[in-house]
Amino acid sequence: MAKKIVDDRAITRRKFIKLAGVATGMAAGAGIEGVLTSRRAPVFAQERSLHFLLWKNFSPPADVEILRQGDEWGKQNKVNVKIEQINANDLPARASAAIESKQGPDIIQFFHNWQNQYGDSLVDVTDICTALESKYGGYVDYAKTHAMLDGRFNAVPHTIVPNIYVVRASYMKAAGTTRWPKTWEELRREGKKWKAKGHPVGQTVGHTFGDAVDFTYPYLWSFGVAERDDKGRVVIASKQTLEALKFFKALWDDAMDPAGAGWDDSSNNRAFLSGAITATNNAPSIYLTASNQVILDEKGAPLVNDILHVPNPGGPAGVFHYHYSQQLAIPKYSKNAEPAKEFIRWLMDKEQYTKYLRRGQAYQASPLKAYMKDAMWDMFPALKPFRDHLLEGRHVGWKGGADANAARVVQNYVLIDMLANVATGKMTPEESLKWAEGQLKSIYGA
Amino acid sequence: MKRNPHADSLPAARTSARSKISLGLLERPGVLGYLLMAPAAAIIFFFVTYPFAWGVWMSLTNKQIGMPWSQVRFTGLMNYVDLLTKDGVFWTTVWNSFVYTGVATAIKWVLGIWLAVLLNRMVRFQRMVRAAVLLPWIVPTVLSTIAFLWIFDPDFSVINWTLRRFYTWMGWGYVKGPLWLGDPTLALASVTFVNIWRGTPFFAISFLAGLQTITPDLYEAAAIDGASGWQRFWHVTLPGIKPITVVVLVFSIIVTFSDFQIVYVLTRGGPANSTHLFATYAYQVAMVGTRLGLGAAISLFMFPVLALVIIFQLVYLRREQA
């Protein structure tokens, strides 16, 4: 019978496992052999993770800062923070998919009052908000209203993107306009001159999340138009609305760039920076782009020196603005709700928060009133008018609440299309008003 | 070698008998056929039938995103009734969808046949030209549509820029150029154009394959009988590619009717809902506006139309086979 020769140098199965266990199990202090010997599973510290979904900021330095802050907090708290930044128009669909499938990001950013559509799917963050409110001088009214549903905060107000008019002073002067119009009628009259010179007023009434809402709502409010009364009944079909629509047709034809019906939120920026338009309702992004990229005007001088920031013109009911609020919500499906709350508290702490706002170059303002005196406004003095008109806003759904259906009116562009129907000539003001009333009643159910 | 006395023992005999039975079952077409079909059927069930049935169910309820199922109520056909009687955007969407599909399919058909006939006649550079013709079809839709976003931009459009230069050169003064995505009619025409640009290669390559099955003897015989080029095309080419035409038309109608990407990238349904199709409107209502039940009802309106198209194709093909 042949003798089995055993070579001591040969790697047996037992030897291999022992070696592998020593090599990989040293950190755990056990190794596979140790596990087999002790008959106990090894204990490893589970790494926590946090997934934060927000928009791709129109101020790129703010994007860089939020990533840095996420990294910093993550290292301090041994949490793997994953920050995902996407196009703002895609945020609602991502949020819907996550909430319905009960898996996804742990913190989601919402605009306007979008998160109120998700009812009880969001964690109550009243504790965070009331603490911030008392510490930092209270919230701006509409930002607070947008973040609340049924008396509780379902999201933490994070920032506000303010919108007023951005104007080329030299274009106004070249057309003989001596000052910014104070009323819509003055804007129509002066804008007619600017349009004749090839530089009309630029405004979108297209299907986009920001500029279209920022113009439409305060324009209608300035004519005394309300979607609902304070009892929640649809009252859009009023003589004020008809007057606003008829005037808008005249304003559009006389003073505005007809291409605006097809613009998105970046189109007016490009049009302004390329010298195509005299004025547009916008956030500070136009000024910041012109400043950061050192864009020159037709005479070779820095374009920023020719930019004015001025309030919206007024209508029969006064002057109004709409600045869209941004808030952070934690879905109830999240298994990391407590770390998410800790992270938001840390982000809103003065040290981090002021860094975010200042490094964002004051593109976003704060919903906390104490920050209206922050040094960032002295760092960017040209943007002070955005702060000066920050409190002159209302919530969507006015005079009713900023509830889920008010968010649906925004998301389905009902009031924006009411203006677009008239601007493009698709409907007469009367037809468009009837159409909008039907749409609002089908959403509000009244 | 001594024979194992247990060679014919029961376990071995059972195994052998079982093997014979299994082989016998697998040799029966009725069993083997279903077995081989099972994976595909499972995929279709889980990824098509189940979501479809779920969509039908949701369309009969008041389901919203995040709403617990305990609060979901059966509402019957109310979503459908509301769409038909209260929603002005829905009827605009219906009109847009039929116009978009009808116009795009008709033009793709004509251009597809024309390109196929040209490609069939080419002798030199045939492979290169065929590859070039396929490019619009191969490039991811969203990427090519983003390029069209720039082509249709009112201030930076290459078309408008060229027009302005031409007008200035001719001394006709300044012209802004067409509002490709700002005028409701032009916006619908623009999205239709992008669909035609993208879809024509599919028609062309499919018809080219069909043309190459037509025997040249038929053309020679027709030529000998004195048929003109147009007569040969009408009486030989078109009948020859009839079967492939039906298949291609049906597929194209289905895909075009349910299109989403082109409209979502270019206009998101604007301006003033003039470019909304069923898919984009359902998306806006369900995913953005969180009304899942209503959104499901919108998308299900496509089903009867597409079902009729498929039934027509099946009936036609069966008649041809008979």
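This section describes a sheet in chain A and the contact between chains A and B, as they appear in a predicted model.

Chain A holds an open sheet of 5 strands with mixed pairing, and the strands follow the order E2-E1-E3-E11-E6. At the two edges lie strand E2 (79-86) and strand E6 (156-161) of chain A, each of which pairs on one side only. From one strand to the next, the twist averages 20 degrees.

At the E6 edge of the sheet, E6(A) pairs with strand E11 (residues 324-329) of chain A. The pairing is in the antiparallel sense and runs over 5 bridges. Within this pair of strands, Ile160(A) has Ser325(A) of E11(A) opposite to it. At the E2 edge, a helix is found against the sheet: helix H3 (residues 60-77) of chain A lies across strand E1 (48-55) and E2 of chain A. The angle between helix H3 of chain A and E2(A) is about 165 degrees.

The two chains also touch each other. On the side of chain B, 29 residues are in contact with 34 residues of chain A. Three helices of chain B each supply at least two residues of this side, namely helix H3 (78-86), helix H8 (184-211) and helix H13 (278-288). H13(B) gives the most, with 3 residues. By residue class, the side of chain B that touches chain A consists of 12 nonpolar, 11 polar and 6 charged residues.

Terms used: Residues numbered from 1 in each chain as written. Chains lettered and ligands numbered in written order. Predicted model: local features only at pLDDT ≥ 70, side-chain atom pairs only at ≥ 80, totals over all residues. Contact = placed C-beta atoms within 7 Å. Helix = DSSP H or I, 4+ residues; strand = E, 2+ residues; numbered from the N terminus. Nonpolar A, V, L, I, M, F, W, Y, C, P; charged D, E, K, R; others polar. Pairing = 2+ DSSP bridges. Axes fitted to C-alpha atoms, helices over the stretch in contact; angles between N-to-C directions.
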